[in-house]
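Me: I'd like to learn how to read a model like this one. Can we go through it feature by feature?
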Amino acid sequence: MNRRHFLKMSSATAMAVAASTMDGLPGQAGLFRSAQAQEIKSFSTGSLGATEVTSVCEMCFWRCPIVVKVKEGKIIKIEGNPKSPVNGTRVCARGNSGVQLVYDPDRVKTPLKRVGARGEGKWAKISWDEAFGEIAHNMEKVKKKYGPHALAYFDHGASAEFMRGIFKAMGTENYTSEPAFFQCVGPAALAYLQTVGYVTTGTRQYNDMANSKAMLLVASHIGENVHVSHVREFIDGLQNGSKLVVVDPRYSAAANKADIYLPIRPGTDTALMLAWINYVIQNKLYDKEFVANKCDGFDALKKEVNGYSMEWAAKICDLKIEDMKAAIKELAKAAPNVNIHPGRHATWYGKGDTGRHQAYAILTALFGAVGVPGGIYFPTSVKTGKAECPEPEKTEVAETDISIKDETEYPFSSMFGTATRDLFHAMLTGKPYPVKLLGVNGVNIMQTLPNPYDTMKAINNLDFIFCEEMMAGETAIWSDIVLPDSVYLERYDGLYAYDGLTPYLTVRQPAIKPLHNVKSPYDIAKGLAKKLDIEGYSCKNEQEFLNEELKGAGLSLDALNKQGGLVTYKGNPYRDPKSLKLGTESGKVQLYVEAFDDEDLDAIPKFDPTPAPPKGFARLIYGRAPMHTFSRTMNNLWLNNEMPENKLWLNDKIAARLNIMDGEEIIMENQDGKRSNPIKVLVTPGIRPDSVFMYHGFGSKSKHLSRAYGRGAADGYMMTNVVADPFIGADSKRTNFVRIIKGDKTLNIPELAKVPSEIPRFKSKLA
Ligand SMILES: Nc1nc2c(c(=O)[nH]1)N[C@H]1C(S)=C(S)[C@@H](COP(=O)(O)OP(=O)(O)OC[C@H]3O[C@@H](n4cnc5c(=O)[nH]c(N)nc54)[C@H](O)[C@@H]3O)O[C@H]1N2
Ligand SMILES: Nc1nc2c(c(=O)[nH]1)N[C@H]1C(S)=C(S)[C@@H](COP(=O)(O)OP(=O)(O)OC[C@H]3O[C@@H](n4cnc5c(=O)[nH]c(N)nc54)[C@H](O)[C@@H]3O)O[C@H]1N2
Ligand code: SF4
Ligand SMILES: [Mo]
């Protein structure tokens, strides 16, 4: 299918992209195989004789506005809220499958108490009163014995906010080491904050692909990475004729749409960026006016990057010079309406992750693509009120009670909370002091952090661990008490104010009464607070606090519902470059970040290569399956049917050398001898010979997830070499290497692409 044809087709049905099956075809033929999709059209099924409730999706954190159709007390269909300026009537495959989350037989249906060993998954059913009693008793006991900071809370997502209030009231500051930050966007957030004065990747992303004339995606596998409006904007951009450059060692869904595709050696992107920045400066392709008036540090940047030639980068990155040159010229031609995508998942190699994203921000600024159509834009905040009733007061702690984030060796982590690695280090080693109780909410504790073997040890050092969960998955089997949360379709949460191109305000509200013996996050926090004699959560119910918050926007729940559950506002995304004032100290772009220099870190990124695979191994890389969210959807009836297991992408030439056939089942062995679940191989030319790739989230170790248990393999179990980002302590995940076990044979991966001497080699005991 040619590109034009694809674009024409996809216009009506961008989202069918996500819903279509990726049936293991190499490259993206499967993913974008949307012949049927053409027929689906952007649809609304009408009321189907059902009651309609407007709400907000939580199958992923993008939180698209939805309409839930309920007939005879049962949810029968979910569609996008037609009033939504971002998704309209569209939802993705996952949003659609929320129906099956509610009715999943493997939900946690009642409070549970562990009776076997941690991780074994043996429970007794208990009452809510007993569950609250156990947790309160253990919280008080641990606090008395070790002090308030021995209590910690590790959370992610909408349901986690209320419980955080309990931890604050207990006097600990060891909470919110959100995986969405320290395992994800952290390095990118810091880089943009310091360079352009704001974070361009919040819950949503402030990069205007739809109005761009050219786009650069470094990794960012949009189309597999699916958020409805983000994919929509990407496709709108392509349809409007935007040129696309994709840099990825794997032929991703996005690469399939590229005008120029650069199959880079993994871990060398900063070399490419620095050579491009140098090329732009040397060839005067930058926006002279913007740089002169709105950027600090240009001379230092020019001097620093001077040595990075295209020839040098071509060798390091294993790319062709003419392709690299063609790509940067294409991007420069489009300036200032050029979209250097800021990325989202940034915790790749530890060392160098912040600098790589800093380089994206620098290139953006050189092109003057700040606050203009097609570039990065500014969020517009929506005014709401603050309800006083949901949160208890924070208890002030004694000066001697130091929080973990204040003891960190990572100079920029405490701006964003507690680095996960600092928290787990304290659990593992008792340093700087013991952490003995952990609350987990909305996190898969085994799949989300690299090195689950250390996580298991850390958990086994705890006196007590409890979780709030919907599914009987890995977090549940490692917890002493499991509190069953309601599904998002059964509950209220906070307000959702979206600050993008067209801002809006909406609210999550229940479509049905909660099934089973579960409670809403608000009622769970309220119940536990009562047991602990903590004051707060004084609202009668969620409606009361939502009404209080809506008052600030001149609304009420009733008034909002009368307007289709969503109101929009006028955005202010673009700025006149002349009057532009940024959130940095000087109000200008920082091409040289002095704050980094003050901490003896590179003020301008340098290329400091991550080690290459040891002989006999390939680098393990990973990404998103379009029809799954992390590890949380693998048990969903419909989504499991779409993709029940992941496969290991293996280069076809390597497969031929090793005599491995497509679909054959193998086991991976990493550089430290850790072995994976069995996984089938996908033989494809769409991956470099020095790398193997898999989708994240499969291979659950909980037997209680009847559909997901043991299906496919988990990337995290192959991650025993973890490198910290020196700026914030974020954990690397692409610093591990695997070879293949087939039957009783160990197969070393032959080396087809020569590694230049500038790149050191990882030393493995097994190599
Ligand atoms: N369907 C779905 N969509 C999602 C999610 C989900 O769970 N499901 N999760 C969302 C979240 S939280 C995030 S953070 C994003 C993550 O999605 P992205 O932010 O797009 O993640 P990346 O790691 O940038 O992109 C993954 C790609 O990186 C490539 N890659 C690996 N190593 C390298 C390298 O060294 N250099 C280069 N240039 N490329 C490399 C891989 O081949 C893969 O194609 O997805 C979001 N979207
Ligand atoms: N190895 C590896 N590690 C990774 C990544 C990777 O690609 N590979 N990606 C990283 C990235 S980018 C991110 S953002 C993080 C994501 O990290 P997580 O958010 O931990 O990802 P999930 O695997 O979806 O785990 C979420 C858990 O919360 C539960 N849950 C979902 N909704 C609710 C709810 O409403 N209430 C409650 N109480 N629980 C709920 C789910 O059942 C599931 O057990 O992972 C990071 N870690
Ligand atoms: S992108 Fe899909 S899963 Fe995520 S919120 Fe939107 S509809 Fe739901
Ligand atoms: Mo993420």
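Me: Which backbone does a nitrogen atom of ligand 1 come to, and how do I read such a pair?

Reply: Look for a polar contact, meaning a pair of N or O atoms within 3.5 Å; within protein, one must be able to donate a hydrogen and the other to accept it, and residues adjacent in sequence count only if both atoms are side-chain atoms. Here, a polar backbone atom of Val247 sits 3.0 Å from a nitrogen atom of ligand 1. The side chain of Arg624 has an N or O atom 3.1 Å from a nitrogen atom of ligand 1. The protein covers 99% of the 920 Å² of accessible area that ligand 1 has on its own (Shrake-Rupley method, 1.4 Å probe; for residues, only the protein chains shown count as cover).

Me: Hang on, what should I know about the model itself?

Reply: It's predicted: local features need pLDDT of at least 70, side-chain atom pairs count only at pLDDT 80 or more, and totals for chains, interfaces and linings use all residues. Residues are numbered from 1 along each chain as its sequence is written, chains are lettered from A and ligands numbered from 1 in the order in which they are written, and side-chain values use heavy atoms, leaving out hydrogens and water.

Me: Which residues surround ligand 1 most closely?

Reply: A residue is near a molecule or strand if one of its heavy atoms lies within 4 Å of it. Ligand 1 has 32 such residues, and the closest are Asp248, Asp269, Tyr349, His628 and Arg734.

Me: And which come nearest to ligand 2?

Reply: Out of 29 residues around ligand 2, those are His156, Thr448, Glu469, Ser631 and Arg632. An N or O atom in the side chain of Asp715 is 2.9 Å from a nitrogen atom of ligand 2. Of the 920 Å² of accessible area that ligand 2 has on its own, the protein covers 96%.

Me: How is the protein divided into domains?

Reply: Bounds come from an automatic or database domain assignment. You get domain 1 (3-102), domain 2 (199-378 + 576-598) and domain 3 (618-747).

Me: How much area do domain 2 and domain 3 bury between them?

Reply: Buried area is the accessible area (1.4 Å probe) that two parts lose on being put together, summed over both. For domain 2 and domain 3 that's about 1,900 Å², 57% of it on carbon and sulfur atoms. Arg250, Thr347 and Tyr349 supply 26% of the area that domain 2 buries against domain 3, more than any other three residues.

Me: How many salt bridges cross that interface?

Reply: A salt bridge is a side-chain nitrogen of Lys or Arg within 4 Å of a carboxyl oxygen of Asp or Glu. Across the interface of domain 2 and domain 3, the rule finds one.
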